[in-house]
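Have the model open while you read this one. The notes below go through it spot by spot, with cut-offs given along the way.

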Amino acid sequence: MVKKFYLAAILLLLAGAAASAQVKFGAKAGFTSSDASFKDIDTKSVNAFHAGLALQVDLIGGFAVQSGVQYQEKGVKIEENILGIALPKVADKKYRFVEIPVQLQWGLDLILLRPFILGEYYWGYSLNEGNEKENGYAYGFGIDVSRLQFSAKYFKNDDDLKGMQLSVIFFF
């Protein structure tokens with residue numbers, strides 16, 4: 001009996017959230033800086049970009065769920081370092097992915113703007129040969145101003161590729 005009550009309460013809350021939800025579509029673009037950590041190997045950051053489409057569902061209580069699809073470039077520069085002397089770079093590798101992020105946001109609606117924090121999990125399919133998939137997580141913050149959303153986040157994937165992203169989304 002108690003389980004049925006809780007289930008009914010959860011279903012009513014979800015139905016209320018879905019009824020009050022606002023769905024927004026947008027175009028996303030931004031800057032990505034990434035590198036990797038390898039034991040005893042000196043690495044440098046690679047700067048690249050990302051672009052794609054976004055879908056955001058605004059829920060009650062300041063929460064929002066955002067997803068979409070994006071083209072993402074990440075990479076790493078590996079330099080050989082012998083006795084503290086940096087030699088010319090050995091490898092400069094860029095990885096290209098199609099990614100599907102699922103992001104949870106929580107923020108305060110201040111009428112003209114909405115600052116928020118975010119947590120994200122993403123899956124990616126590599127467009128490079130020999131590296132088929134990736135997944136990882138990200139966390140950060142952002143702000144909504146009218147139909148624009150600005151965000152900054154730190155990411156790390158399962159291959160120890162890590163970095164930061166700065167993004168702008170324009171919602172139609």
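## Starting at D160

D160 comes in at 34% relative accessibility, which makes it partly exposed (buried is under 20% relative accessible area, exposed is over 50%, and partly exposed is in between, using a 1.4 Å probe and protein chains only). Before going further: this is a predicted model, where local features need pLDDT of at least 70, side-chain atom pairs count only at pLDDT 80 or more, and totals for chains, interfaces and linings use all residues. Residues are numbered from 1 along each chain as its sequence is written, and side-chain values use heavy atoms, with hydrogens and water left out.

Where does D160 sit? Look in the loop between β8 (148–157) and β9 (161–171); strands here are DSSP runs of E with at least two residues, numbered from the N terminus. The backbone is worth a glance too, as D160 has a positive phi of about 65° without being a glycine. Most residues other than glycine have a negative phi. D160 also has a salt-bridge partner, K156, with the closest N and O atoms 2.7 Å apart (the term needs a side-chain nitrogen of Lys or Arg within 4 Å of a carboxyl oxygen of Asp or Glu). K156 is partly exposed as well, at 23% relative accessibility.

## Salt bridges between strands

How many salt bridges does a search of the whole structure find? The count is 8. One of them joins the side chains of K24 and D58, at 3.5 Å from N to O. K24 belongs to strand β1 (residues 22–36) and D58 to strand β3 (residues 46–58), so this pair ties together parts that lie 34 residues apart in sequence. Both ends are tucked away: K24 counts as buried at 17% relative accessibility, and D58 is buried with 16%.

The side chains of D144 and R114 also meet in a salt bridge, 2.8 Å from N to O. Here the link runs between D144 in strand β7 (residues 133–145) and R114 in strand β6 (residues 113–126), 30 residues apart. D144 is buried at 7% relative accessibility, and R114 is buried at 10%.

## Strand β7 and its neighbours

Follow β7 along and you'll see its side chains alternate. E134, G136, A138, G140, G142 and D144 point to one face and are buried. K133, N135, Y137, Y139, F141, I143 and V145 point to the other face and are not buried.

On one side, β7 pairs with β6 in the antiparallel sense over 13 bridges (two strands pair if DSSP finds at least two bridges between them). W123 has N135 in β7 as its bridge partner. The pairing of β7 with β8 is antiparallel too, with 10 bridges, and V145 is matched there with L148 in β8. What closes the β7–β8 hairpin? There are 2 residues between the strands, and S146 in that turn has a positive phi of about 55°.

## Rings and charges

A whole-structure search gives 4 aromatic pairs (Phe, Tyr and Trp rings, the six-membered one for Trp, with centres within 6.5 Å; planes under 30 degrees apart are stacked, over 60 edge-to-face, and the rest tilted). Among them is the edge-to-face pair of Y121 and W123, at 5.0 Å centre to centre and 70° between the planes. Y121 is partly exposed with 34% relative accessible area, and W123 is partly exposed at 43%. F170 and F172 make another edge-to-face pair, 5.9 Å centre to centre with 80° between the planes. Of these two, F170 is partly exposed at 33%, whereas F172 is exposed at 64%.

Two lysines sit over rings (NZ of Lys or CZ of Arg within 6 Å of the ring centre and within 35 degrees of the ring normal). K24, met earlier, lies over the face of F171 at 4.7 Å from the ring centre. The charged end of K74 is over the ring of F97, 5.4 Å from its centre.

## One more positive phi

I111 is not a glycine, yet its phi is positive, at about 65°. Is I111 buried or exposed? With 78% relative accessibility, I111 counts as exposed, and its place is the loop between β5 (85–107) and β6.

Key: Helix = DSSP H or I, 4+ residues; strand = E, 2+ residues; numbered from the N terminus.
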